[in-house]
Amino acid sequence: MTETELRHFLMEQLLPRLQKLRLEPSALQDDCDLYATGIVDSLGFVMLIQATEKKFGVSIILDDVDPDAVFTIGSLLKHAVTV
């Protein structure tokens with residue numbers, strides 16, 4: 001799995017919500033807070049992590065992430081660990 005593949009998958013998973021909010025996936029930067037922007041709620045975030053882990057056979061470990069950055073795209077990309 002490459003970062004590009006992971007980013008594409010995340011955008012694919014978020015697309016229905018992005019369309020509702022009239023946001024373009026290309027506009028989302030690594031520091032975009034998915035929770036604060038209303039793209040996902042807490043359950044949606046957990047579901048996004050689970051789908052990613054299942055699809056790529058990875059673990060996303062966010063234990064050591066700054067709480068202010070935990071919901072960002074960048075944290076998901078950075079903390080996906082191949083198992």
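This report walks through the core, the first helix, the aromatic pairs and a few well-connected residues of the structure above. Keep in mind that the model is predicted.

**The core**

Start with the inside. The largest nonpolar core is made of 22 residues, and Leu14, Leu34, Ile39 and Leu76 are the ones with the most contacts inside it. Four elements each supply at least two of its residues: helix 1 (3-20), helix 2 (42-56), strand 1 (58-60) and helix 3 (73-78). Helix 1 chips in the most, with five residues.

Leucine 76 is a handy place to look around from. Setting aside residues up to four places away in sequence, leucine 76 touches Leu6, Leu10, Leu34, Phe45, Leu48, Ile49 and Ile60.

**Helix 1**

Helix 1 runs for 18 residues and covers 26 Å from its first C-alpha to its last, close to the 26 Å expected at 1.5 Å a residue. There is a bend, though: about 55° at leucine 14, with proline 16 following within four residues. Leucine 14 also turned up above, among the core residues with the most contacts.

Which residues of helix 1 are buried? They are Leu6, Phe9, Leu10, Met11, Leu14 and Leu18. As background, an α-helix has 3.6 residues a turn, so residues three or four places apart point the same way.

After the helix comes arginine 22, with a positive phi near 60°. That's a positive value in a residue other than glycine. Arginine 22 sits in the loop between helix 1 and helix 2, and its relative accessible area of 77% makes it exposed.

**Aromatic pairs**

The structure holds three aromatic pairs. One of them joins phenylalanine 9 and phenylalanine 56 edge-to-face, 5.4 Å centre to centre and with 90° between the planes. Phenylalanine 9 belongs to helix 1 and phenylalanine 56 to helix 2, so this pair ties together parts that are 47 residues apart in sequence.

Then there is the pair of tyrosine 35 and phenylalanine 71. Their ring centres are 4.9 Å apart and the planes meet at 25°, so this pair is stacked; the cut-off for stacking is planes under 30 degrees apart. Tyrosine 35 lies in the loop between helix 1 and helix 2, and phenylalanine 71 in the loop between strand 1 and helix 3, so to speak two distant parts of the chain, 36 residues apart. Tyr35 and Phe71 also join Phe45 in one aromatic cluster.

Here is how accessible the rings' residues are:

| Residue | Relative accessible area | Class |
|---|---|---|
| Phenylalanine 9 | 7% | buried |
| Phenylalanine 56 | 21% | partly exposed |
| Tyrosine 35 | 43% | partly exposed |
| Phenylalanine 71 | 21% | partly exposed |

Phenylalanine 56, at 21%, counts as partly exposed because buried means under 20%.

**Leucine 62, serine 75 and histidine 79**

These three residues touch one another's surroundings, and it helps to take them in turn. Leucine 62 is in the loop between strand 1 and helix 3 and is buried, with a relative accessible area of 14%. Beyond residues up to four places away in sequence, leucine 62 touches Phe45, Ile49, Val70, Ser75 and His79. From leucine 62 to alanine 80 is 8.9 Å, C-alpha to C-alpha, while the two are 18 residues apart in sequence.

Serine 75 lies in helix 3 and is buried, at 5% relative accessible area. A polar atom of its side chain lies 2.9 Å from the backbone oxygen of valine 70. Not counting residues up to four places away in sequence, serine 75 touches Leu62, Val65, Ala69 and Val70.

What lies 3.0 Å from the backbone oxygen of serine 75? A polar atom of the side chain of histidine 79 does. Histidine 79 is found in the loop between helix 3 and strand 2 (80-82), and at 13% relative accessibility it counts as buried. Leaving out neighbours within four places in sequence, histidine 79 is in contact with Ser59, Ile60, Ile61, Leu62, Asp64 and Val65.

Terms used. Residues are numbered from 1 along each chain as its sequence is written. This is a predicted model: local features need pLDDT of at least 70, side-chain atom pairs count only at pLDDT 80 or more; totals for chains, interfaces and linings use all residues. Side-chain values use heavy atoms; hydrogens and water are left out. A nonpolar core is a set of buried Ala, Val, Leu, Ile, Met, Phe, Trp, Tyr and Cys residues joined through side-chain atoms within 4.5 Å. Buried means under 20% relative accessible area, exposed over 50%, partly exposed in between (1.4 Å probe, protein chains only). Contact means heavy atoms within 4.5 Å. The expected span of a helix is 1.5 Å times one less than its number of residues. The bend at a residue is the angle between axes fitted to the seven residues ending there and the seven starting there. Rings of Phe, Tyr and Trp (its six-membered ring) pair if their centres lie within 6.5 Å; planes under 30 degrees apart count as stacked, over 60 as edge-to-face and the rest as tilted. A polar contact is a pair of N or O atoms within 3.5 Å; within protein, one must be able to donate a hydrogen and the other to accept it, and residues adjacent in sequence count only if both atoms are side-chain atoms.
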